[in-house]
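Please look over the sequence and the model shown below before reading on. The paragraphs after it are meant for someone meeting this structure for the first time.

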Amino acid sequence: MGFLSDLPLWVQALFATLFTYAMTAAGAVFVFLSKNFNKKILTVMMGLAAGIMIAASFFSLLLPAKERCEASGQNPAFILTVGFLAGGAFIVLSDILLGRLSAFSEREKKSGFLMSTAMTLHNIPEGLAVGVAFGSIAGGAPAVSAVMLALGIGIQNFPEGLCVSVPLRRQGMSPGKAFFVGQASGFVEVPSGILGALAVGVVSSLLPWALAFSAGAMIAVVCSELIPSGFAENKTAASCGVIFGFSLMMFLDILLG
């Protein structure tokens with residue numbers, strides 16, 4: 001950790017997003033083991049990821065954004081609200097666009113192209129969130145918040161890799177191709193993270209906006225993807241996962257922060 005802390009912040013963001021990408025690839029690896037995966041375990045993991053992301057959105061993004069606004073004399077109510085709404089709108093509009101595209105061809109939908117595109121779009125704000133968190137260290141934000149955010153996103157990326165690759169395998173796609181599609185959806189977080197760290201480092205006044213935007217995007221991903229999928233399979237298992245994931249992230253953030 002001492003070695004990493006001496007590196008430029010964009011390099012730290014690079015290592016962090018490589019970790020989150022590796023977790024996506026690790027989830028996709030399970031496609032080589034079986035066409036099927038225990039649905040209850042997957043549901044708990046999706047709930048766990050949702051809880052972690054919800055907690056990270058508040059403790060690692062919105063709260064530091066509010067503190068930053070207050071320290072610089074900016075209006076936190078306006079900035080956090082507008083930034084959060086913009087981040088949520090980004091994901092919602094992406095879903096609407098993909099929904100319209102999916103109407104063109106059922107074959108394209110089953111090929112996994114749209115599924116991979118949707119997950120890739122969702123991973124862009126996640127990578128930005130990690131990069132922004134590391135870039136904000138230069139402005140006085142605690143490094144532990146950035147680390148915990150990367151950890152939380154990495155954990156939730158594991159079931160994402162499963163959710164992309166396993167259904168493709170069930171539809172008859174080869175294990176190698178299903179794995180490639182699953183892991184590829186997470187790689188976009190690496191350049192997004194570097195971009196987020198560099199942007200915040202250059203224009204520090206954008207930090208509260210970027211943090212709030214990332215929080216809104218993450219909450220929208222939770223509401224549009226993780227919670228509906230998890231609760232549709234097993235409400236009790238998903239609820240337990242959300243509660244435990246939120247509690248874990250909150251405990252670690254407060255303990256280490």
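What follows goes from the overall fold to the core, then to single residues, and ends at the surface.

The model is a predicted one, and its secondary structure consists of 11 helices with zero strands. Read from the N terminus, the order of elements is therefore α-α-α-α-α-α-α-α-α-α-α, with the helices counted along the chain as DSSP runs. The protein has 257 residues, of which 46% count as buried. When contacts between residues at least 6 apart in sequence are considered, 85% of them join residues at least 24 apart.

A record adds some annotation to this picture. UniProt, in an unreviewed entry, places the feature "transmembrane region" at residues 12-34, 41-65, 77-98 and 236-256. Over one of these stretches, residues 41-65, the model is 100% helix and 0% strand, and the C-alpha atoms at the two ends are 35 Å apart.

The interior can be approached through its nonpolar cores. The largest nonpolar core has 49 residues, and those with the most contacts inside it are Leu61, Phe134, Leu149, Met218 and Leu226. Two or more residues of this core come from each of helix 2 (9-29), helix 3 (39-72), helix 4 (76-101), helix 6 (113-135), helix 7, helix 9 (189-202), helix 10 and helix 11 (235-256). Helix 3 gives the largest share, with 15 residues. A second core, separate from this one, has six residues, and Val31, Val164, Ala178 and Val181 are included in it.

Which residues does phenylalanine 134 touch, not counting residues up to four places away in sequence? They are Leu9, Gln12, Ala13, Ala16, Ala146, Val147 and Ala150. One of these partners, alanine 13, lies in helix 2, and because its relative accessibility is 0%, below the 20% limit, alanine 13 counts as buried. Although alanine 13 and phenylalanine 134 are 121 residues apart along the chain, their C-alpha atoms are separated by 5.9 Å. Besides Phe134, alanine 13 touches Gly131, Gly193 and Ala197, again leaving out residues up to four places away in sequence.

Threonine 20 is also found in helix 2, and with a relative accessible area of 0% threonine 20 is buried. Leaving aside neighbours within four places in sequence, threonine 20 is in contact with Ala150, Ile153, Gly154, Asn157 and Glu189.

Is leucine 162 buried or exposed? This residue is found in helix 7, which spans residues 143-170, and leucine 162 is buried, since its relative accessible area is 1% and the limit for buried is 20%. The C-alpha atom of leucine 162 is separated by 9.1 Å from that of phenylalanine 179, a residue 17 places away along the chain.

Towards the outside, the protein exposes about 11,700 Å², and carbon and sulfur atoms supply 72% of that area. A nonpolar surface patch of about 520 Å² is made by Phe78, Val82, Val202, Val203, Leu206 and Trp209. Within this patch, tryptophan 209 has its place in helix 10, residues 207-233, and at 30% relative accessibility tryptophan 209 counts as partly exposed.

Isoleucine 254, which is found in helix 11, counts as exposed because its relative accessibility of 55% is over the 50% limit. Its C-alpha atom and that of valine 144 are separated by 9.7 Å, while the two residues are 110 residues apart along the chain.

The structure holds one salt bridge. Its partners are glutamate 70 and lysine 66, whose closest N and O atoms are 2.6 Å apart. Both residues lie in helix 3 with a spacing of four residues, which is about one turn of the helix. Glutamate 70 is partly exposed, with a relative accessible area of 46%, and lysine 66 is likewise partly exposed, with a relative accessible area of 36%. Helix 3 thus carries this salt bridge and also gives the largest share of the largest nonpolar core.

Methods. Residues numbered from 1 in each chain as written. Predicted model: local features only at pLDDT ≥ 70, side-chain atom pairs only at ≥ 80, totals over all residues. Heavy atoms only, no water. Buried < 20%, exposed > 50% of the residue type's maximum accessible area, 1.4 Å probe, protein only. Contact = heavy atoms within 4.5 Å. Areas by Shrake-Rupley, 256 points an atom, 1.4 Å probe, with all protein chains shown as cover. Patch = residues over 30% accessible without salt bridge, like charges linked within 9 Å, V, L, I, M, F, W, Y side chains within 5 Å. Salt bridge = Lys/Arg side-chain N within 4 Å of Asp/Glu carboxyl O. UniProt positions renumbered as here; feature names shortened; annotations may be inferred. Core = buried A, V, L, I, M, F, W, Y, C linked by side-chain atoms within 4.5 Å.
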